[in-house]
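Here are some short exercises to work through with the model open on your screen. Try each task before you read its solution.

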Amino acid sequence: MLTKADGVVICTPEYHRAIPAIVKNLFEYLDDEKDQIEDIPFALISAVESNWGGVAAQSTYLQMLRVLRAWVVPDQVFIPRASSIFLDDGTVADESYLERIKKLTNKLIKAAELFMSFRSA
């Protein structure tokens, strides 16, 4: 299913300065499918409880996606202290993060449209 996407948003936690093991396994599986995700843009968001906002996890994703020849939107969103940003009822306490996510997804949509035009040409 991932190989059929026009664009992908990865919103990840970070565990012990690493990505979740199940996601790592997905990327290991995709190593055999490199040519199928080469023209799919990815956007990265991390939401964690630390003050660092998931920098280590996003660094890992960037490395893996580059090896897989995927294109990553140059901007990322880091959300530190996520439980204070996202409230129990699902609302966002700090609207600046919502704006960052909207900007990132708009860039992803533009990139997806651009890559789709390349594929159809």
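**Exercise 1. Two arginines in loops**

Task: Decide whether Arg-81 is buried, partly exposed or exposed, and then look at the backbone of Arg-81.

Solution: Keep in mind that this is a predicted model. Start with accessibility: Arg-81 comes out at 38%, so it counts as partly exposed, since that class runs between 20% and 50%. Next, place it: Arg-81 sits in the loop between E3 and helix H4 (82-85). Now the backbone: the phi of Arg-81 is positive, about 50°, even though the residue is not a glycine. That deserves a second look, because most residues other than glycine have a negative phi.

Then try Arg-69. This residue is in the loop between H3 and E3, just after H3, and has a positive phi of about 65°. Arg-69 isn't a glycine either. With a relative accessible area of 41%, Arg-69 is partly exposed.

**Exercise 2. Aromatic pairs**

Task: Search the whole structure for aromatic pairs and classify each by its geometry.

Solution: The search turns up 2 pairs. Take Phe-27 and Tyr-61: their ring centres are 5.9 Å apart and the planes meet at 65°, which is over 60, so this pair is edge-to-face. Now see what is being linked: Phe-27 belongs to helix H1 (residues 21-30) and Tyr-61 to helix H3 (residues 55-67), 34 residues apart. Both Phe-27 and Tyr-61 are buried.

Move on to Trp-71 and Phe-115. Here the centres are 5.8 Å apart with 55° between the planes, and the pair is tilted. Trp-71 is in strand E3 (residues 71-79) and Phe-115 in helix H5 (residues 95-120), so the pair ties together parts 44 residues apart in sequence. Check the burial of each partner: Trp-71 is partly exposed at 34%, while Phe-115 is buried at 13%.

One extra ring to look at: Arg-100 lies over the face of Tyr-97, 4.4 Å from the ring centre.

**Exercise 3. Helix H3 and a loop residue**

Task: Compare the span of H3 with what you'd expect, then find what its buried residues pack against.

Solution: H3 has 13 residues, and at 1.5 Å a residue the expected span is 18 Å. The end C-alpha atoms are 19 Å apart, which agrees. Next, pick out the buried positions: Ala-56, Ala-57, Gln-58, Tyr-61, Leu-62, Met-64 and Leu-65. These buried residues pack against E1, H1, strand E2 (41-47) and E3.

Now bring in Ile-19, from the loop between strand E1 (8-12) and H1. Ile-19 is buried, at 10% relative accessibility. Leaving out residues up to four places away in sequence, Ile-19 touches Lys-24, Ala-57, Thr-60, Tyr-61 and Met-64. For a distance check, go from Ile-19 to Val-67, 48 residues along the chain: their C-alpha atoms are 16 Å apart.

**Exercise 4. The sheet**

Task: Work out the strand order of the sheet and which strands lie at its edges.

Solution: The open sheet has 3 strands in the order E1-E2-E3, with parallel pairing. E1 and E3 are the edge strands, because each pairs on one side only. On average, neighbouring strands are turned by 15° against each other, direction ignored. Zoom in on E1 and E2: they run parallel and are joined by 5 bridges. To find a bridge yourself, go to Thr-12, whose partner in E2 is Ser-46.

Conventions
Residues are numbered from 1 along each chain as its sequence is written. This is a predicted model: local features need pLDDT of at least 70, side-chain atom pairs count only at pLDDT 80 or more; totals for chains, interfaces and linings use all residues. Side-chain values use heavy atoms; hydrogens and water are left out. Rings of Phe, Tyr and Trp (its six-membered ring) pair if their centres lie within 6.5 Å; planes under 30 degrees apart count as stacked, over 60 as edge-to-face and the rest as tilted. Helices (H or I, at least four residues) and strands (E, at least two) are DSSP runs, numbered from the N terminus. Buried means under 20% relative accessible area, exposed over 50%, partly exposed in between (1.4 Å probe, protein chains only). A charge sits over a ring if NZ of Lys or CZ of Arg is within 6 Å of the ring centre and within 35 degrees of the ring normal. Contact means heavy atoms within 4.5 Å. The expected span of a helix is 1.5 Å times one less than its number of residues. Two strands pair if DSSP finds at least two bridges between them. Axes are lines fitted to C-alpha atoms, for helices over the stretch in contact, and angles run from 0 to 180 degrees between N-to-C directions.
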